[in-house]
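Let's take a walk through a protein structure together. Keep the picture open as you read, and turn it whenever a new part is named.

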Amino acid sequence: MLQDGTGSPLLFLHGAGGGGRWLDFQALLAKDFTVYSPSHPGHGGSPAAEWIEHISDLAFHYLDLLDALGLARAHLVGASLGGWIAAEIATMASHRLASLVLIDPVGIRMDGWIYPFLFAMDIPEIVTTVFHNPMAALALAPPDQSAETLALQYRQGTAIARVAWNPHLYDPLLRRRLGRVTAPTLVCWGAHDKLAPLAPCGETWAREVPGARLRVFADSGHVPHLEEPDAVAAAVREFCQLHGGLA
Amino acid sequence: MKFYYFHLMPYIIDHDAPSSWVTLSNRHYDPAVGHRLYNQYLDQLEEAERLGWDGLCVNEHHQNCYGTMPSPNVMAAMLVRRTSRAKIAILGNGLPLRENPLRIAEEIAMLDVTSGGRIISGFVRGISAEYFSTAVNPTHSRERFYEAAELILRSWTEEGPFPFDGRYYRYPYVNPWPRPLQKPHPPVWCPSQGSSETVEWAAKRRFPYLMVFTPIKRIAQIYGEYREACERNGYKASRYQLTVNVPIVVAENDAKARALAEKHVMWVFNVGLRMHPPFWRPPGYMTEASLRRLLANPPKPPSELGFEEADREGYLIYGSPATVRDKLRVFSDELKAGILCSGMTGPSHEQTLEMMQLFAEEVMPHFRDDARIDETAGVGR
């Protein structure tokens with residue numbers, strides 16, 4: 001787990017490919033928060049965890065982490081896959097969350113949208129689908145194409161497939177449970193998201209999570225925290241200040 | 001040596017799509033052509049029995065032009081009633097691909113009873129691409145395979161009804177009617193691509209191991225691993241536990257055979273097995289250990305295999321009857337494979353039948369010192 005900064009505790013849950021990386025977004029947040037940035041099991045070089053067979057296992061895993069860190073409450077920010085885990089956590093234990101920020105989460109079944117099948121995409125297709133600005137993808141590029149790197153990527157893909165192959169990228173039970181979320185929630189969305197487009201995906205999340213606010217980032221695809229880190233970090237800061245404060 | 005006639009039932013077309021699997025649009029499939037092909041292919045299998053082949057093989061693949069038998073049991077059913085002597089080897093049913101694998105136990109038992117005990121039941125995981133076309137989670141593949149195999153074997157050998165409560169498959173009542181005719185159950189074969197986990201699993205149960213479309217050096221290596229695994233399990237592998245599948249082209253002379261092989265066998269590798277790269281490697285289908293072994297010595301995609309290399313590496317056999325006999329000696333005498341599962345591919349149905357006849361008359365009789373042995377006795381169960 002990576003950790004830096006001072007201030008209120010903020011748990012950041014990364015998306016696919018974001019494990020083990022301290023990027024601009026976390027660095028910006030660390031100016032105002034104590035940022036905890038764990039790698040999901042099997043991601044970012046961390047060991048595989050074969051006991052994880054459902055997205056709720058990851059949610060419980062992070063509730064355990066909050067306990068282990070002695071954090072009764074924290075701000076929770078999750079992007080994409082991490083947003084899905086964050087939403088599951090919020091349906092289980094909103095009382096542990098000072099606030100919830102979901103950045104282009106996947107995780108619920110949409111009316112009128114089927115997520116394109118990520119596991120069948122080669123790297124160029126993934127970049128085109130996930131990024132509005134492909135240059136932003138460089139931050140997630142693997143260091144090399146060595147057997148070790150490929151094996152770690154396979155481990156990471158396996159960890160994702162264990163929870164997201166079928167149903168692809170969602171938990172059939174999550175959508176109706178979103179009504180349980182009581183944490184103040186900000187939904188951030190990239191205007192050009194091609195994996196989970198604003199309409200219907202972002203709009204559905206904003207409708208299903210009680211009282212959620214929706215903010216759209218005009219120059220982003222699926223990963224606005226990587227494509228417009230300053231703007232998204234500022235939005236997070238502003239929202240958290242309203243709910244629970246920074247210190 | 002025993003000879004089994006292996007059919008893929010391909011839908012042979014040339015196309016420019018990046019993958020012959022999963023995404024190749026079925027608009028390319030003309031059912032009128034399919035009608036002719038299915039019937040010709042079944043004629044070829046029936047003819048193989050008349051020409052002296054010991055077994056006839058069908059297999060399961062989905063959503064591709066390489067092999068158009070999504071249900072091998074359907075094809076086996078047709079052969080059961082049109083043949084009387086040959087074994088019918090289903091190589092195999094993709095166990096993890098089924099939500100209800102008890103259905104496989106039932107269908108194999110139906111075929112075994114109807115055929116008078118001629119069925120060989122292959123258990124496979126299905127190749128990587130199958131996990132895209134069936135949407136079964138590849139990270140469950142291995143566990144589902146073991147669990148479904150256990151369920152099927154128990155359903156064939158234990159008196160029902162009994163409950164089965166697995167991780168993936170659960171039944172309050174396992175009690176299939178009919179039960180298979182062969183005792184304790186039809187022989188089980190394991191067609192595989194050489195993962196060490198499967199080698200161990202098959203060797204432990206005396207299930208014959210079948211290498212499909214593999215270079216000869218790798219066959220030798222995997223056979224070695226299988227024999228060692230058998231010894232670890234306290235017995236010596238019978239030669240009928242070592243089965244090989246290599247495409248064969250035989251013609252009057254080497255030059256003619258080469259020309260046919262270059263065109264028709266290479267279609268199987270270069271077009272039939274052309275695959276969008278992610279379809280080769282779904283996450284979790286292999287263990288990380290298997291993947292690391294593979295990355296240490298990455299195989300060339302079949303679509304990039306050239307004829308010279310395929311020839312040199314022993315991916316195929318072609319030549320005059322005398323040449324084919326010589327090349328087959330490597331499999332029978334050096335690798336000591338007991339069963340050859342091979343199909344013939346000619347430029348037309350008629351020429352394929354002629355090729356089969358040439359093989360049956362000029363090649364097969366030279367390998368028949370084991371004609372009186374039952375290759376299924378004591379193996380596969």
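Start with how chain A is tied together: among its contacts between residues at least 6 apart in sequence, 77% join residues at least 24 apart. Keep in mind that you are looking at a predicted model. Chain A has nine helices and seven strands. Its radius of gyration is 16 Å, close to the 18 Å that the globule rule gives for 247 residues, so chain A is as compact as a globular protein of that length. Along its principal axes, the C-alpha trace of chain A spans about 45 × 40 × 35 Å. Of the 247 residues in this chain, 50% are buried.

Now turn to chain B, where you can find 13 helices and twelve strands. The radius of gyration here is 20 Å, and the globule rule gives 21 Å for 381 residues; the two values are close, so chain B is as compact as a globular protein of that length. The C-alpha trace of chain B spans about 60 × 45 × 45 Å along its principal axes. Buried residues account for 49% of the 381 residues in chain B. If you take the contacts in chain B with a separation of 6 or more, 77% of them come from residues 24 or more positions apart.

What lies inside? In soluble globular proteins, nonpolar side chains tend to be buried together. The largest nonpolar core in this model has 112 residues, and Tyr4(B), Leu56(B) and Val249(B) have the most contacts inside it. Helix α8 of chain B, residues 254-272, gives this core its largest share, seven residues. Val249(B) is worth a closer look: leaving aside neighbours within four places in sequence, its contacts include Ala257(B), Leu260(B), Tyr318(B) and Met344(B). There is also a second, separate core of 72 residues, which includes Phe12(A), Phe131(A), Ala136(A) and Val187(A).

Next, find helix α13 of chain B, residues 349-362. At 1.5 Å a residue, its 14 residues should span 20 Å, and the end C-alpha atoms are indeed 20 Å apart. Which residues of α13(B) are buried? They are Thr352(B), Met355(B), Met356(B) and Phe359(B). Looking down the axis of α13(B), you will see these buried residues fall within an arc of 100°, so they line one face of the helix. They pack against α1 (31-51) and β10 (248-250) of chain B. On the face turned away from the buried side, α13(B) carries the exposed residues Glu350(B) and Glu361(B).

Some backbone details also deserve a stop. A cis peptide bond, with omega about 0°, joins Asn166(A) and Pro167(A), and Pro167(A) is found in the loop between α5 and α6 of chain A. Another cis peptide bond joins Leu91(B) and Gly92(B), with omega about -5°; Gly92(B) lies in strand β3 of chain B. Val22(B) has a positive phi, near 70°, in a residue other than glycine. Is Val22(B) buried or exposed? Val22(B) has 20 C-beta neighbours inside 10 Å, so Val22(B) counts as buried. Lys336(B) also has a positive phi, near 55°, but with 13 C-beta neighbours inside 10 Å, Lys336(B) counts as partly exposed.

Finally, look at where the chains meet. The contact takes 16 residues from chain A and 17 residues from chain B. On the side of chain A that touches chain B, there are ten nonpolar, three polar and three charged residues.

Definitions and conventions
Residues are numbered from 1 along each chain as its sequence is written. Chains are lettered from A and ligands numbered from 1 in the order in which they are written. This is a predicted model: local features need pLDDT of at least 70, side-chain atom pairs count only at pLDDT 80 or more; totals for chains, interfaces and linings use all residues. Helices (H or I, at least four residues) and strands (E, at least two) are DSSP runs, numbered from the N terminus. The expected span of a helix is 1.5 Å times one less than its number of residues. A residue is buried if 20 or more other C-beta atoms lie within 10 Å of its own, exposed if 12 or fewer, and partly exposed in between; C-beta atoms are placed from the backbone. The arc is that of the directions from the helix axis to the C-beta atoms. Two residues are in contact if their C-beta atoms, placed from the backbone, lie within 7 Å. A nonpolar core is a set of buried Ala, Val, Leu, Ile, Met, Phe, Trp, Tyr and Cys residues joined through C-beta atoms within 7 Å. The radius of gyration is taken over C-alpha atoms; the globule rule is 2.2 Å times the number of residues to the power 0.38. Ala, Val, Leu, Ile, Met, Phe, Trp, Tyr, Cys and Pro count as nonpolar, Asp, Glu, Lys and Arg as charged, and the others, Gly among them, as polar.
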